[in-house]
Structures are given as C-alpha cells and as structure tokens.
Amino acid sequence: MAYRNLEIGNRGAVRTITVNRPDKLNALNRETLNELTLAFAQAAHDDAVRVVVLTGAGEKAFVAGADIGEMSDLSPAQAQAFSRTGQRLMTAIERLGKPVLARVQGFALGGGMELAMACHLRIASEKAKFGQPEINLGLIPGFGGTQRLLRLAGRAATLELCLTGASIDATRARELGVVNRVVAPEALDDAVDTLADQLAHAAPLAAAGILDAVLLGGEAPIDQGLEFETQGFALAFATEDMREGTSAFLQKRKPAFKGR
Ligand code: COA
C-alpha cells in the first residue's frame, strides 16, 4: 500500500517505517497518525517481519511533535479525539508483540518524544534532542508523555521536562533512562542495523513473551508479574523454537528460529 507521509522499507526481517514530512520536521498530522496506525498493524500481521525500526526522514528531525498548525483550531471534542488517536497508536506500538526500535537522529519533541518512548528501544545520535515543549503552547502532552516518561525516568525528571518545556540532549536522555544508546551521527545507521539484525534473529515467540511480561510487570503487583512470567516460561516449552534453541546449544551450532 502506498502512503503519502511514510516510507516503508524491508531488509530481511527488518521493516523500517520512516515518517516522511521533512519540510515540516516530520510533524504528526492526523493523516500521518492514521498511516502510522495502518503501517504498524501491517507489520504486526506480517510473519516475515520480526523487528520494526521507526525513524524520521532527513537529518534534522525524528519527529518535531504533533502538527501545531492542524492542532491550533481544534475544538475540545476534536482535541480529545486527536489525543485518543495518538494514544491508541502509541499503545499499539508498545503492544505490537515484536521489538520496535526508534532511530532518533534529530529533534524528538512533544509527540515525537512520545512516539520514541512508545518504542521498546531507542538509539540516538549525539545530535538528537528530546523534550516535551507542550507547556510553551499552553498545552499538556496528549499522546502519553506524562505517563510513559514517568515510567521511564521517574517523577522528578518528568515534572522538570514537562513543566519547563526545555529540551535535553541525547546524553542527558540516556542518563535519565529515556535512551538506550547514544552514538556519533555517522555511526547511527550501523548501530541501528546491528541491533535490528540481532533482534531479527532472536526467537520471535520468546521475544513476544518478554515484551508482554515486561510491559505487564511495569504496571502489576510483583506477584501477578511473577505468575505471568511463569505462565510465559511454561508456554515457551510448547514451541519448536525452544526445542531448536536448546538442541542447537547442545549440538554446538547456531539456532534457526522459525516463530513456531
Ligand atoms: N508542527 C507543525 N509544523 C512544524 C512543527 C510542528 N510540531 N515543527 C516544525 N514545523 C515546521 C515549521 O513550522 C517550519 O515550517 P515552514 O517552513 O512551513 O515555516 C518547518 O517545520 C521547519 O521548522 P523551523 O521552526 O523553521 O525549524 P528550526 O530549525 O528553526 O526550529 C524546532 C526547529 C524543532 C526548534 C522548531 O521547529 C519547533 O520548536 N517546533 C515545534 C516543536 C514543538 O513544540 N513540538 C510539540 C508540539 S505539541
């Protein structure tokens, strides 16, 4: 399917989704949100896709936020629907069941930071900038920023970033636990490809089980989280991949996981 605001690429089992509105710093208008929702649903349902890389077109921005022009004249009811559309997309990414890796080369502000935080892992260029500047527009974050930043970085950092609207660099974002790795701009593509390839060769059902257990564990009391982990662990023993992984280890060869 052809998208007006996205580019889709495939390299082996790695699908790359690129937000492609560089003249607007890849800002998220409604059409782009809808296209992202479709593109992630397609990636979820395509068994050939084992990992998704999400990025923005051009050097300057990952995504510089929700589209301010489009937002400026929304009614409260329309704003509620816009927020829900964005939140549903972020939740769908988080619950995709396959690892999603954000490649952040430039501005990840507002909805862009929220989009990056909905991904499971984030690799940033030293040139990347993160922030929740909504307060400067008289707004609050609306695509999950107050909630996901809180869970990633804690209350003090979340309140500081959301109340000041200030941007932080990639190193500070890593210190806060928002970013997994920071690399030189020229090393970004290699770092992303290497990690994506590693994830693409991992056992897909085990990856899904880990994603589920960690996401649930962030919200549930520990006894529930531990029970969920036990059930996931037991379920893995019903998979061909578990037989393949353990046999390959014992036979001193590399496993070939099939997601069965
Ligand atoms: N929504 C809509 N358009 C946006 C946008 C956004 N969130 N962010 C950038 N753009 C547009 C600009 O309006 C400009 O369009 P134009 O050339 O038609 O005027 C274009 O992208 C380039 O941006 P510009 O502001 O000229 O680049 P800059 O290098 O001077 O500044 C930023 C870069 C990121 C600091 C600045 O664009 C910015 O502050 N953007 C808004 C960030 C924000 O508040 N995001 C949260 C929204 S809830």
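Author: Domain bounds in this account come from an automatic or database domain assignment. The structure is a predicted model, in which local features need pLDDT of at least 70, side-chain atom pairs count only at pLDDT 80 or more, and totals for chains, interfaces and linings use all residues. Residues are numbered from 1 along each chain as its sequence is written, and side-chain values use heavy atoms, with hydrogens and water left out.

Reader: What makes the bounds of domain 1 and domain 2, and how are they placed?

Author: The assignment divides the chain into domain 1 (6–200) and domain 2 (204–250). Their centres, taken over C-alpha atoms, are separated by 27 Å. Domain 1 gives 7 residues to the contact and domain 2 gives 6 residues, where contact means heavy atoms within 4.5 Å.

Reader: Why is the pair of aspartate 193 and arginine 11 called a salt bridge?

Author: A salt bridge requires a side-chain nitrogen of Lys or Arg within 4 Å of a carboxyl oxygen of Asp or Glu. For aspartate 193 and arginine 11 the N to O distance is 3.6 Å, so the pair satisfies the rule. Aspartate 193 belongs to helix 8 (residues 188–201) and arginine 11 to strand 1 (residues 6–11), 182 residues apart. Helices (H or I, at least four residues) and strands (E, at least two) are DSSP runs, numbered from the N terminus. Arg11 and Asp193 also join Asp197 in a network of salt bridges. The count of salt bridges comes to 12.

Reader: How do you know that arginine 30 and glutamate 70 form a salt bridge, and what parts does the pair tie together?

Author: The closest N and O atoms of arginine 30 and glutamate 70 are 3.5 Å apart, and the limit is 4 Å, so the name applies. Arginine 30 is in helix 1 and glutamate 70 in helix 2, so the pair ties together parts 40 residues apart in sequence.

Reader: Why is glutamate 175 called exposed, whereas arginine 172 is called partly exposed?

Author: Buried means under 20% relative accessible area, exposed over 50%, and partly exposed in between (1.4 Å probe, protein chains only). Glutamate 175 has 55% relative accessibility and therefore counts as exposed. Arginine 172 has 35% and therefore counts as partly exposed. The two residues form a salt bridge with closest N and O atoms 3.1 Å apart. They stand 3 residues apart in helix 7 (residues 170–175), which means a separation of about one helical turn.

Reader: How do you know that the span of helix 3 agrees with its number of residues?

Author: The expected span of a helix is 1.5 Å times one less than its number of residues. The 19 residues of helix 3 (residues 76–94) should therefore span 27 Å, and the end C-alpha atoms are 27 Å apart, which agrees. Among the buried residues of helix 3 are Phe82, Leu89 and Ile93. The buried residues of this helix pack against elements including helix 1 (30–45), strand 5 (100–104) and helix 9 (204–217).

Reader: Why is glycine 225 called buried?

Author: Glycine 225 has 14% relative accessibility and therefore counts as buried. Its place is in helix 10 (residues 222–236). Not counting residues up to four places away in sequence, glycine 225 touches Leu216 and Ala220.

Reader: Why is leucine 137 called partly exposed?

Author: Leucine 137 has a relative accessible area of 46% and is therefore partly exposed. This leucine lies in the loop between strand 8 (129–131) and helix 5 (145–153).
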